[in-house]
Amino acid sequence: MRTLLALFLLSAPLAAVDSRCPQPAGLFSSSVVSGANVVCMVDVPTPTSYALWAVPSSGAPVRLSQAMPDNRDVIAFQVSADRVAYTADPNVWTQYELFSVPIFGGSPVKLSGSMPSDNDVDDFAFAGDMARVVYRKGRNATGVWDLWSAVAFGGASSVQLSQANMSAVQRGFTVRGDLVRFAQDPSGSGVSTWYAAPVVGGA
């Protein structure tokens with residue numbers, strides 16, 4: 001997955017990182033402005049090892065992601081008004097789990113629950129007026145991907161939104177308010193059907 005990410009990023013235009021961010025050495029840095037804050041994914045303090053930082057309107061940068069070994073990375077993040085959700089591999093190399101942390105700093109909480117050894121979290125998005133995070137979890141080797149929803153600040157179990165015991169939820173789910181729209185192949189025929197489910201779970 002790390003190699004695929006690098007290939008994608010190398011083929012895409014590189015966006016400039018906000019000048020308020022800790023200045024990176026690597027090519028895959030990015031930043032997002034949220035209100036008076038800027039959130040930065042940069043390879044600081046270790047070159048080629050990406051971490052998340054927030055820079056308030058006044059004051060020093062605050063590290064958001066947890067300390068990790070030098071060969072681990074934050075690879076994606078999403079920002080709401082008061083929290084940042086991100087995927088990283090702090091526990092097992094290249095096994096990407098989902099976390100969230102207050103935008104002003106604090107202890108990250110894990111949202112993706114138990115992780116089988118061959119699973120990763122792929123795409124994710126804030127939902128339900130930013131109170132929840134919807135994410136796909138599964139593995140490329142088998143094509144089994146499920147869709148889940150977690151409370152953005154942690155402290156509660158994730159709920160499965162996709163139908164169990166069916167084939168993969170496709171990439172490209174969309175969130176509209178309290179509903180999540182996603183494609184899943186209920187019969188394994190190769191033809192996907194679109195579904196909508198409440199972000200808190202349900203039929």
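Strands are here DSSP runs of at least two residues, numbered from the N terminus, and on that footing V169 falls in the loop between strand 12 (159-160) and strand 13 (174-176). The model is a predicted one, and V169 is buried in it, with a relative accessible area of 0%. When neighbours within four places in sequence are left aside, the residues in contact with V169 are R136, W145, D146, L147, S162, F182, A183 and Q184. The C-alpha atom of V169 is separated by 26 Å from that of P90, a residue 79 places away along the chain.

Confidence was examined over the whole chain. The average pLDDT is 87, and 91% of the residues score at least 70. Residues 1-13 stay under 50 in pLDDT, and for this stretch the model has 16 contacts beyond four places in sequence.

The nonpolar interior was considered next. In soluble globular proteins, nonpolar side chains tend to be buried together. The largest nonpolar core of the model has 15 residues, and those with the most contacts inside it are V39, L52, L64, V74, F77, V84 and Y86. Two or more residues are given to this core by each of strand 2 (37-42), strand 3 (51-55), strand 5 (74-79), strand 6 (83-88) and strand 7 (97-102). Of these elements, strand 6 gives the most, with three residues. The surroundings of V39, again without neighbours within four places in sequence, include the core residues L52, L64, F77 and V84, and V39 is also in contact with S30, S31, V32, W53, A54, V79 and I103. Another core, of 12 residues, lies apart from the largest one and has A85, L98, L111 and V121 among its members.

Charged side chains were then examined for pairing, and the count comes to six salt bridges. One of them joins E97 and K110, whose closest N and O atoms are 2.5 Å apart. Because E97 lies in strand 7 and K110 in strand 8 (residues 109-110), this pair ties together parts that are 13 residues apart in sequence. The two partners are classed separately by accessibility, E97 being buried with a relative accessible area of 2%, while K110, at 38%, counts as partly exposed.

A further salt bridge is formed where the side chains of R139 and D118 meet, at 2.7 Å from N to O. R139 belongs to strand 10 (residues 132-139) and D118 to the loop between strand 8 and strand 9, so that parts 21 residues apart in sequence are tied together by the pair. R139 is partly exposed, with a relative accessible area of 24%, and D118 likewise counts as partly exposed, at 33% relative accessibility.

Strand 10 also contains R136, whose partner D122 lies in strand 9, and the pair therefore ties together parts that are 14 residues apart in sequence. The side chains of R136 and D122 meet in this salt bridge at 2.6 Å from N to O. R136 is buried, with a relative accessible area of 3%, and D122, at 18% relative accessibility, counts as buried as well. Through salt bridges that share partners, D122, D123, R136 and R171 are joined into one network. R136 is, in addition, one of the residues in contact with V169.

D120, which has its place in strand 9 (residues 120-127), is buried yet has no salt bridge, since the side chain of opposite charge nearest to it, that of R139, is 7.9 Å away, whereas a salt bridge requires a nitrogen within 4 Å of a carboxyl oxygen. A polar atom of the D120 side chain does, however, lie 2.7 Å from the backbone nitrogen of Y96.

Several features of the backbone were found in loops. A cis peptide bond, with omega of about 10°, joins V44 and P45, and P45 lies in the loop between strand 2 and strand 3. T94, although not a glycine, has a positive phi of about 65°; T94 has its place in the loop between strand 6 and strand 7 and counts as partly exposed, at 26% relative accessibility. D129, likewise not a glycine, has a positive phi of about 55°. The position of D129 is in the loop between strand 9 and strand 10, where D129 is exposed, with a relative accessible area of 71%.

Definitions and conventions: Residues numbered from 1 in each chain as written. Predicted model: local features only at pLDDT ≥ 70, side-chain atom pairs only at ≥ 80, totals over all residues. Heavy atoms only, no water. Core = buried A, V, L, I, M, F, W, Y, C linked by side-chain atoms within 4.5 Å. Buried < 20%, exposed > 50% of the residue type's maximum accessible area, 1.4 Å probe, protein only. Helix = DSSP H or I, 4+ residues; strand = E, 2+ residues; numbered from the N terminus. Contact = heavy atoms within 4.5 Å. Lys, Arg positive; Asp, Glu negative; His and termini not counted. Polar contact = N/O pair within 3.5 Å; in protein donor to acceptor, adjacent residues only side chain to side chain. pLDDT = per-residue confidence, 0-100.
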